Amino acid sequence: MIDLKSIPASKKDLDSYEVDHLFHSWSYQPAQAPLRVLTAKGVRFKTEDGRERLDFSSCFVSHNIGHQDPRVVEAICEQARTLCAFAPNFSTRPRAVLARMLAEITPGDLSRTFLSPGGTEANEAAVKICHQFTGRRKILSRYRTYHGGTAASMNLSVGDPRSWAQVSGGTEVVPVPHPYCYRCMLHQKYPECDLACVKYIDEVIELEGGSEKVAGIIFEPVTGANGIIVPPPEYFPKLREICDRWGVLMIADEVMSGFGRTGKWFAVDHWNVVPDIMTMAKGMTCATVPLGGTVVRKHIGDRFKEQFFSHGATYAGHALACAAAVRTIQIYQEDNLIENSAKMGRYLLEKAMELKEKHPSIGDVRGLGLFVGLELVKNRKTKEPMVPVGGKVRPGMNPKLEVARKLAELGMMAMAANPGNVVAMAPPLIVTKAEIDEGVAIMDKALEVADAHVEK
Ligand SMILES: Cc1ncc(COP(=O)(O)O)c(C=O)c1O
């Protein structure tokens, strides 16, 4: 038994606490403790080995305004000194202000928000609202997407009347194809395809019971972890038409793509499409304090003036998180970060295209704003993937991990451990041209590891 009043904290002790007592997310549990981060500032972070590295993933696309902005730190401290939190049936000043701000920056008449502790919970809330609003069970979701990590906690809440609003049997998910033109599931070619993948969705809605049975469709407007997939320009306007025709709600998961990441406040803004429900997290507070949001259009929000809103959480609208979000949103505006994302994003995409000229392991380059992906292949002609489907969860089948290790050795973190074939670059929106050059030069070297896996 260790003395809990004075826990020893040598490097060796901390390493053993990590390895013996913690679960690490989405991975085979490491035999060695991961590098411990001591400090972070702007686009860089310092680890216990004394090295400084460039953060080209914004910590899984959350630290959009850069690390440790003192203005947000001060806002959190000030709120902590005043009131850390209070029961969600009371309100706090930052919670009310944040709700108004979100109505301002989200498109169209998106105007009423439920605040939760993170992105997963924001999507859970979206799905529950979708069921409660439509009374229907089926939600369409596209292959190659990630919407969160929890399982069925409400179904487990047996005998609690809050679970009664769950549609019987829970959500029924109906998978549909993605507009992933590089590997079209329908074996079509854009633009000759005339958006066959959207027509497919129309047909699926009809076959699944249309307006009687289908509640909504959830999607990432620009898909993140599963490959930085940017849809063709006509995709979302056409999808909006179809959803309107069937009364199916569009749920845009902007957890990664929101808050300036793609060069607009939200990715759907590129296509002037207003979803019925939008979810967000990450860039909302830039991960300083966990927070997620589910914003709905006015007619949906108004319905819950009469209908019981069957969802909630102790931390819904936590005061510290709301104070952080309010200050963070002001900083996006004060420092013109959305504009910088668009401008630097164009530069990063250009540089990524140059990498493709040099590296046979790059099959495709895609991106929007500071959200740029390099898709790795073993063979450009056949497009044989560098990482087979499932490579992330099966041992020894993910050469991208070697790229990730090489990047770390050379002094950079990018998104290279995600599922699929794509190494993504998503630096904080404050990034400069010189920092992009530095990061791309490191990526250039690290990609030699991937090139070694290309078929000769
Ligand atoms: C698009 C998307 N939705 C939802 C989530 C889940 O968010 P969280 O990890 O905050 O629960 C993520 C996380 O990466 C995400 O990328």
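Which helix is Lys-351 found in? I looked this up and found Lys-351 in helix H11, residues 337-358; helices here are DSSP runs of H or I with at least four residues, strands are runs of E with at least two, and both are numbered from the N terminus.

**Setup.** I note that this is a predicted model, in which local features need pLDDT of at least 70, side-chain atom pairs count only at pLDDT 80 or more, and totals for chains, interfaces and linings use all residues. Residues are numbered from 1 along each chain as its sequence is written, and side-chain values use heavy atoms, with hydrogens and water left out.

**Lys-351.** I checked whether this lysine is buried or exposed. Lys-351 has 19% relative accessibility and therefore counts as buried (under 20% relative accessible area; exposed is over 50%, partly exposed in between; 1.4 Å probe, protein chains only). Leaving aside neighbours within four places in sequence, I list Ile-436, Asp-437 and Val-440 as its contacts (heavy atoms within 4.5 Å).

**Ligand shell.** I then listed the residues around the ligand (a heavy atom within 4 Å). Among them are Gly-118, Thr-120, Asn-123, His-147, Glu-220 and Met-256. By class I count three nonpolar, six polar and three charged residues; Ala, Val, Leu, Ile, Met, Phe, Trp, Tyr, Cys and Pro are taken as nonpolar, Asp, Glu, Lys and Arg as charged, and the others, Gly among them, as polar. Helix H5 (residues 119-134) gives the largest share of the shell, three residues.

**Polar atom pairs.** I looked at N and O pairs between protein and ligand (within 3.5 Å). A side-chain N or O atom of Asp-253 is 2.7 Å from a ligand nitrogen. Lys-282 places a polar side-chain atom 3.0 Å from a ligand oxygen. For Tyr-146, a backbone N or O atom lies 3.5 Å from a ligand nitrogen. Of the 390 Å² of accessible area that the ligand has on its own, the protein covers 80% (Shrake-Rupley method, 1.4 Å probe).

**Sheet.** I traced an open sheet of four strands in the order E1-E2-E3-E14, with mixed pairing (two strands pair if DSSP finds at least two bridges between them). Strands E1 (37-41) and E14 (412-413) are at the edges with a single partner strand each, so one side of each has no neighbour in the sheet.

E2 (residues 44-47) and E3 (residues 52-55) run antiparallel and are joined by three bridges. I find Arg-44 bridged to Leu-54 and Lys-46 opposite Glu-52. Four residues separate E2 and E3 in their hairpin, and Gly-50 in the turn has a positive phi of about 90°. E3 and E14 run parallel, joined by two bridges, and Leu-54 stands opposite Met-412 there.

Conventions
Polar contact = N/O pair within 3.5 Å; in protein donor to acceptor, adjacent residues only side chain to side chain.
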